[in-house]
Amino acid sequence: MAGLLVAGTTSDAGKSVVATGLCRALARRGVKVAPFKAQNMSNNSMVCGEGVEIGRAQWVQAQAARATPEAAMNPVLLKPGSDRRSHVVLMGRPWGEVSSSDWLQGRRALAAAAHAAYDDLASRYDVVIAEGAGSPTEINLRAGDYVNLGLARHAGLPTVVVGDIDRGGVFAAFFGTVALLSPEDQALVAGFVVNKFRGDLDLLAPGLRDLERVTGRRVYGTLPWRSDLWLDSEDALDLQGRRSPRPGARRVAVVRLPRISNFTDVDALGLEPDLDVAFASHPHALADADLVVLPGTRSTIADLAWLRSRGLDRAVVAHAAAGKPLLGICGGFQMLGRTISDPEGIEGSATEVEGLGLLDVETNFVAAKALRLPEGQWLGAQAAGYEIHHGRITRGPAAEEFLGGARAGQVFGTMWHGALEGDALRARFLGEALGLDPSGVSFPAARDARLDLLGDLVEEHLDVDALLDLVHGGPPADLPFLPPGAP
């Protein structure tokens with residue numbers, strides 16, 4: 001099994017960036033490479049061609065690897081329903097729930113499936129680039145870990161640890177990450193990658209040499225901080241690095257729902273030079289918006305109650321009454337209808353609530369999750385997207401069809417995630433809603449250019465040849481133990 005585990009000192013240290021960049025760099029070298037993450041926790045997911053659901057990051061990494069996305073690349077996907085309970089997607093299909101009270105037992109039940117998925121990928125690809133989760137040194141969770149060093153121990157994977165130097169304290173984080181691991185785990189950690197460095201590398205070099213000396217492990221490179229680097233978001237609302245809007249750009253307000261999901265739906269809007277996209281959580285932030293977007297949500301009924309508790313419902317209705325365009329996507333679309341019924345308690349307790357009444361539709365939740373890749377046309381433009389939902393929509397006579405949803409005047413609702421990523425559809429929608437001319441911006445081309453940029457950065461700033469030697473040869477046999485080890 002030829003593979004590498006990319007771990008991190010913390011969440012958001014840059015694991016996804018390094019793993020994605022390595023996938024693109026190796027693919028360009030002609031290596032048949034696959035991404036892997038044993039367990040992902042995110043409400044941002046994607047539907048693959050066989051009608052299964054995986055984390056958005058692994059879908060993007062598959063694009064970077066020029067591989068076909070599949071369930072084995074992210075066998076366990078946790079979709080948080082609350083601070084203590086998560087819905088589980090196993091091998092792309094709904095499986096059940098795990099809570100904080102049965103965390104270790106639940107993880108043990110999923111570990112075998114995750115490791116089997118890794119073994120399957122490794123049998124079909126030359127190299128598997130596995131991304132860890134959080135930190136590998138979560139000493140309170142190590143007994144049930146199958147994502148970080150639990151996976152590395154299973155497959156004998158050499159491991160590199162990524163640290164975000166922009167946060168400060170990266171040397172202590174690197175050392176502590178290794179020093180709190182057991183001897184068996186430490187024997188797999190071969191070295192480090194520094195991420196987001198700004199400044200003169202000559203000033204950093206003495207610290208890197210000292211780190212190598214005190215840990216007995218090498219630094220495989222230092223990635224620079226780049227303002228123009230972005231990936232499809234996993235669990236952060238971040239539009240930084242996209243094209244700056246022109247003066248006088250139209251303002252798009254995206255309601256920041258508490259349980260927001262698939263907010264990558266608006267990434268393509270963030271690239272449009274005539275749009276200024278911002279996330280909003282207060283009514284006054286919608287007052288001067290040219291377009292309001294109600295995005296997807298993991299809990300439609302609870303987030304609708306939150307909308308009303310803050311007066312955002314009145315602001316949305318006032319925006320629509322003024323004749324300004326309003327777009328609801330999946331759960332956000334369901335909020336725009338007449339009623340939302342959940343007789344089986346799919347989202348919690350069985351209930352029925354009134355929607356905002358802006359579209360003549362009714363939503364009924366059912367246990368079976370719809371996972372589809374729809375295609376079609378709207379006003380002559382080719383359209384495609386993906387569906388992930390329990391809600392079933394009934395459209396009344398007062399609403400016309402719009403991308404699997406409904407439209408009434410300037411109020412649009414769709415069940416299709418990702419439709420705005422299609423350049424033709426996005427141009428047609430912005431023309432219809434805001435009177436904008438096509439910008440010529442291509443979102444798929446921009447995404448692929450960012451993946452190529454990542455590949456360029458990895459090739460230029462990391463020792464890819466040494467990492468490949470690590471992949472095929474395994475961790476060095478003489479890695480020293482750093483005390484004190486695991487408690």
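**Reading cores and contacts around His 417**

Analyst: Let's start with one residue in this predicted model. Setting aside residues up to four places away in sequence, His 417 touches Asn 262, Asp 265, Gly 296, Ile 329, Cys 330, Gly 385, Tyr 386 and Ile 388.

User: Where in the chain is His 417 found?

Analyst: His 417 lies in the loop between β27 (411-414) and α12 (423-434).

User: And how do I read its accessibility: is His 417 buried or exposed?

Analyst: Look at the relative accessible area; buried means under 20%. For His 417 that value is 1%, so the residue is buried.

User: Now the nonpolar cores. Which residues touch the most other members of the largest one?

Analyst: A core is a set of buried residues of certain types, joined through side-chain atoms. Here the largest nonpolar core has 94 residues, and Leu 4, Val 33, Phe 36 and Ile 129 touch the most other members. Helix α1 (residues 15-28) supplies the largest share of this core, eight residues. A second, separate core has 58 residues, including Leu 286, Ile 329, Leu 356 and Phe 365.

User: What is Leu 4 in contact with?

Analyst: Beyond its neighbours within four places in sequence, the contacts of Leu 4 include Leu 22, Val 128, Ile 129, Leu 157, Pro 158, Leu 467 and Val 471.

User: How many residues of helix α2 are buried?

Analyst: For a helix, go through its residues one by one. In α2 (residues 56-65), nine of the 10 residues are buried, among them Arg 56, Gln 58, Trp 59 and Gln 61. Arg 66 follows α2 and has a positive phi, near 55°.

Definitions and conventions
Residues numbered from 1 in each chain as written. Predicted model: local features only at pLDDT ≥ 70, side-chain atom pairs only at ≥ 80, totals over all residues. Heavy atoms only, no water. Core = buried A, V, L, I, M, F, W, Y, C linked by side-chain atoms within 4.5 Å. Buried < 20%, exposed > 50% of the residue type's maximum accessible area, 1.4 Å probe, protein only. Helix = DSSP H or I, 4+ residues; strand = E, 2+ residues; numbered from the N terminus. Contact = heavy atoms within 4.5 Å.
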